[in-house]
Amino acid sequence: SDLARKFATLARRDARVLLLFNDEEPMLDEIEQRLGGVGGWLRDHGLEIALVSDTDHVFAPVWSQEHAADRVADFVERFAKEKP
């Protein structure tokens, strides 16, 4: 699929990607259908999905913005340690 090709392009570039969604994101269904799940293929290719429960699509509640920022910071810190 086009979605799989785009993710494969990122993987070939050795990109690290965090996809941050609320737990009701419709895109999760497409990822499941096109890539066979949110865990295996993505994780094997340096791509991660993180979910934030009980929030809306744009992370409007302040607590969910803070949680999302923490998830992004953790992701960046983890991969920054890999760089020389």
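At roughly what angle do the axes of helix α1 and helix α2 cross, and within what distance do the axes come? In this predicted model, the axes of α1 (residues 2-12) and α2 (residues 27-35) cross at roughly 85 degrees and come within 9 Å. The two helices are therefore roughly perpendicular to each other, since angles of 65 to 115 degrees fall in that class. The protein chain contains four helices and two strands, in the order α-β-α-α-β-α from the N terminus.

**Overall build**

- The C-alpha trace of the protein chain spans about 35 × 35 × 15 Å along its principal axes.
- The protein chain has 84 residues, and 32% of them count as buried.
- The accessible surface of the protein chain is about 5,700 Å², and carbon and sulfur atoms hold 50% of that surface.
- Among contacts in the protein chain with a separation of 6 or more, 63% join residues 24 or more positions apart.

**Packing of α1 against α2**

- Two packed helices are described by the angle between their axes and the distance between the axes.
- For α1 and α2, those values are roughly 85 degrees and within 9 Å.
- On the α1 side, the contact is made by Leu-3, Ala-4 and Phe-7.
- On the α2 side, Met-27, Glu-30, Ile-31, Arg-34 and Leu-35 take part.
- The residues of this contact divide into six nonpolar, two charged and no polar.

**The loop between β2 and α4**

- Most residues other than glycine have a negative phi.
- Two residues of the loop between β2 and α4 have a positive phi: Asp-54 and Phe-59.
- Phi of Asp-54 is near 60 degrees, and phi of Phe-59 is near 55 degrees.
- Strand β2 covers residues 47-52, and Asp-54 lies in the loop between this strand and α4.
- Asp-54 has a relative accessible area of 66%, so this residue counts as exposed, the cut-off being over 50%.
- Phe-59 has a relative accessibility of 13%, so this residue counts as buried, the cut-off being under 20%.

**Ser-64 in helix α4**

- Ser-64 is part of helix α4, which covers residues 62-80.
- The relative accessible area of Ser-64 is 0%, so the residue is buried.
- With neighbours within four places in sequence left aside, Ser-64 is in contact with Val-52, Thr-55 and Phe-59.
- One of these partners, Phe-59, is the buried loop residue with a positive phi.

**The aromatic pair in helix α4**

- How many aromatic pairs are there? The count comes to one aromatic pair.
- This pair is formed by Phe-75 and Phe-79, whose ring centres lie 4.9 Å apart.
- The ring planes of Phe-75 and Phe-79 are at 65 degrees, so the pair is edge-to-face, a class that needs an angle over 60 degrees.
- Phe-75 and Phe-79 are four residues apart in helix α4, which means that about one helical turn separates them.
- Are Phe-75 and Phe-79 buried or exposed? Phe-75 counts as buried at 8% relative accessibility, and Phe-79 is buried with a relative accessible area of 13%.

How values were computed
Residues are numbered from 1 along each chain as its sequence is written. This is a predicted model: local features need pLDDT of at least 70, side-chain atom pairs count only at pLDDT 80 or more; totals for chains, interfaces and linings use all residues. Side-chain values use heavy atoms; hydrogens and water are left out. Axes are lines fitted to C-alpha atoms, for helices over the stretch in contact, and angles run from 0 to 180 degrees between N-to-C directions. Angles under 35 degrees count as roughly parallel, over 145 as roughly antiparallel, 65 to 115 as roughly perpendicular and the rest as oblique. Contact means heavy atoms within 4.5 Å. Ala, Val, Leu, Ile, Met, Phe, Trp, Tyr, Cys and Pro count as nonpolar, Asp, Glu, Lys and Arg as charged, and the others, Gly among them, as polar. Buried means under 20% relative accessible area, exposed over 50%, partly exposed in between (1.4 Å probe, protein chains only). Accessible areas come from the Shrake-Rupley method with a 1.4 Å probe; for residues, only the protein chains shown count as cover. Rings of Phe, Tyr and Trp (its six-membered ring) pair if their centres lie within 6.5 Å; planes under 30 degrees apart count as stacked, over 60 as edge-to-face and the rest as tilted.
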